[in-house]
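Student: I would like a close look at one part of this model. Please take the salt bridges, and then set them in the rest of the chain.

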Amino acid sequence: MEAALRDSRGLGVNWVGQWTLHKWCLLASVTTVFLLGLTCLVFSLLTWFAAYPTAPVLLITDSPALVLLTFSSSLSLLASLVGITGTLLNSRPILAVYVLLLFPSFLSFVSVGYLTYKKANFSLDAKVSEAWHLWYSPGARTVLQGALGCCGWSSPLHGAAASGVCYARSPLAGCHGPLMRFERDILSSVAATVFSLVPMHLANIFVGLLCANHVTDRFGKGITPRRYRLTAQDILSAGSAPAAGCKLSAMKQTELPTFPFPAPKGHSTFREDRKYATTYRHGRAKSDCEREA
C-alpha cells in the first residue's frame, strides 16, 4: 500500500474526473448510509443522556426500541466507513465487507419500525397500563409524573408515586391520558420514519451489490511497483545477460565441492543421485557457455 501510494496517483481524489459511473453511484450510496447512521446515532445519544425534556420518558417506556436504534446506527456508521475506504482505494474485498455489513444494519433498522408499529397499533392502552402497575418502579413513576406534569394513573389516589407535587389532594390530573397520547404520537412517528427509509436502505444494498466490482474500468488497480517496471536500460542490457549468466555459473562451480561429503548411513543412494544430477547440470551449463563464447 505504501509503494502504491508513493508511485501512483495517491487515493485518486485529485483525479476524480476519471472515476467511473459505478464509483460515483457507490460514493453517493455510502454517503447516504453515513448520514442516516450519524443522524440516528446522534438522536440515540441525546436520548441516552436526557438532553431534551421528553428523553426520560423514552428511556423508561421505549428502551428496547432505543437499544435497537443505537445498535443499527452504529452498524450503519461502521459500514459507511468501510465503504468509503473501499471506494477510495478501489478495493473489492473491502467493498464486499461493506455490503455484508449492510444486511445486519438493515435488519436491525427494520426491527425498530416493527417494534414501534406493533406497540402503537396492538393494545397500546393495555400495554401501558400493565407497565405502569407491574413494571415501573416508584422512581420511574416519579420521573414520568414530573416529565408529563401529572400525578397517579387515573387520579392522585390511583397508582401514584408520592413526591413534592404529587400527593393525595394534588390538583394534577392522572397520567393515563398524557402518557397514552405521548406514546401514540412518538411510536407512530418513529414507525412511519423507519418504514419510509426502508426503500433507501434497499437501494443502498442494491447499489453496493452491483457497483462493488466496477469501481475501476478493469479488474484491479493495474499499478506495477517501480522496482518491477521495465526501463530502456533493461532492454539495452539484455544482450549481456548470457555472459553474466555464464560468469555466475562458473562462480558456483568453483564454490561447490568436487566430491560430496560423506552421507549418513542409509542415505548413500540419495547422495549419489544428487552428485550425478549436479555433475550433469554443471556440464550442460558449461557447454552452453562454451557455445556462447
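Tutor: What follows starts at the salt bridges and works outward to the helices, the surface and the whole chain.

Keep in mind that this is a predicted model. How many salt bridges are there? The count comes to two. Asp62, Lys119 and Glu183 are linked by them in a network. In general, side chains of opposite charge can pair when their charged atoms come close.

Take the pair of lysine 119 and aspartate 62. Their side chains meet in a salt bridge, with 3.0 Å from N to O. This pair links distant parts of the chain, 57 residues apart. Lysine 119 belongs to helix H5, which spans residues 92-121. Aspartate 62 sits in the loop between helix H3 (55-61) and helix H4 (63-89). Is aspartate 62 buried or exposed? Its relative accessible area is 9%. Buried means under 20%, so aspartate 62 counts as buried.

Now the pair of glutamate 183 and lysine 119. The closest N and O atoms of this salt bridge are 3.1 Å apart. Again, distant parts of the chain are linked: glutamate 183 is in helix H8 (residues 176-211), lysine 119 is in helix H5, and 64 residues separate them. Glutamate 183 has a relative accessibility of 1%. That value is under the 20% cut-off, so glutamate 183 is buried as well.

Helix H8 leads on to a helix pair. The axes of H2 and H8 come within 9 Å of each other. They cross at roughly 145°. The crossing is left-handed. Which residues meet there? From H2 come His22, Cys25, Leu26, Ser29, Thr32, Val33 and Leu36. From H8 come Leu197, Met200, His201, Asn204, Val207, Gly208 and Cys211.

Val207 also has a contact in the loop that comes after H8. Alanine 212 lies in this loop, between H8 and helix H9 (232-236). Alanine 212 touches Arg92, Leu95 and Val207, leaving aside residues up to four places away in sequence. Its relative accessible area is 9%, so alanine 212 is buried. The C-alpha atoms of alanine 212 and glycine 86 are separated by 8.8 Å. Along the chain, alanine 212 and glycine 86 are 126 residues apart.

Back to H2, now for the surface. Phe34, Leu35, Leu38, Val42, Leu46 and Leu81 form a nonpolar patch there. Together they have about 490 Å² of accessible area. Where does the largest share of the patch come from? Helix H2 (residues 21-48) supplies it, with five residues. Leucine 38 is one of the patch residues, and its place is in helix H2. The relative accessible area of leucine 38 is 35%. Partly exposed covers values between 20% and 50%, so leucine 38 falls in that class.

Last, the whole chain. The secondary structure comes to 11 helices and zero strands. Of the 293 residues, 32% are buried. Aspartate 62, glutamate 183 and alanine 212 are among the buried residues. Among contacts with a separation of 6 or more, 65% join residues 24 or more positions apart. The accessible surface of the protein chain is about 18200 Å². Carbon and sulfur atoms account for 67% of that surface.

Terms used:
Residues are numbered from 1 along each chain as its sequence is written. This is a predicted model: local features need pLDDT of at least 70, side-chain atom pairs count only at pLDDT 80 or more; totals for chains, interfaces and linings use all residues. Side-chain values use heavy atoms; hydrogens and water are left out. A salt bridge is a side-chain nitrogen of Lys or Arg within 4 Å of a carboxyl oxygen of Asp or Glu. Helices (H or I, at least four residues) and strands (E, at least two) are DSSP runs, numbered from the N terminus. Buried means under 20% relative accessible area, exposed over 50%, partly exposed in between (1.4 Å probe, protein chains only). Patches are made of residues with over 30% relative accessible area and no salt bridge: like charges are joined within 9 Å, nonpolar side chains (Val, Leu, Ile, Met, Phe, Trp, Tyr) within 5 Å. Accessible areas come from the Shrake-Rupley method with a 1.4 Å probe; for residues, only the protein chains shown count as cover. Axes are lines fitted to C-alpha atoms, for helices over the stretch in contact, and angles run from 0 to 180 degrees between N-to-C directions. A crossing is left-handed if the near helix is turned anticlockwise from the far one by less than a right angle, and right-handed if clockwise. Contact means heavy atoms within 4.5 Å.
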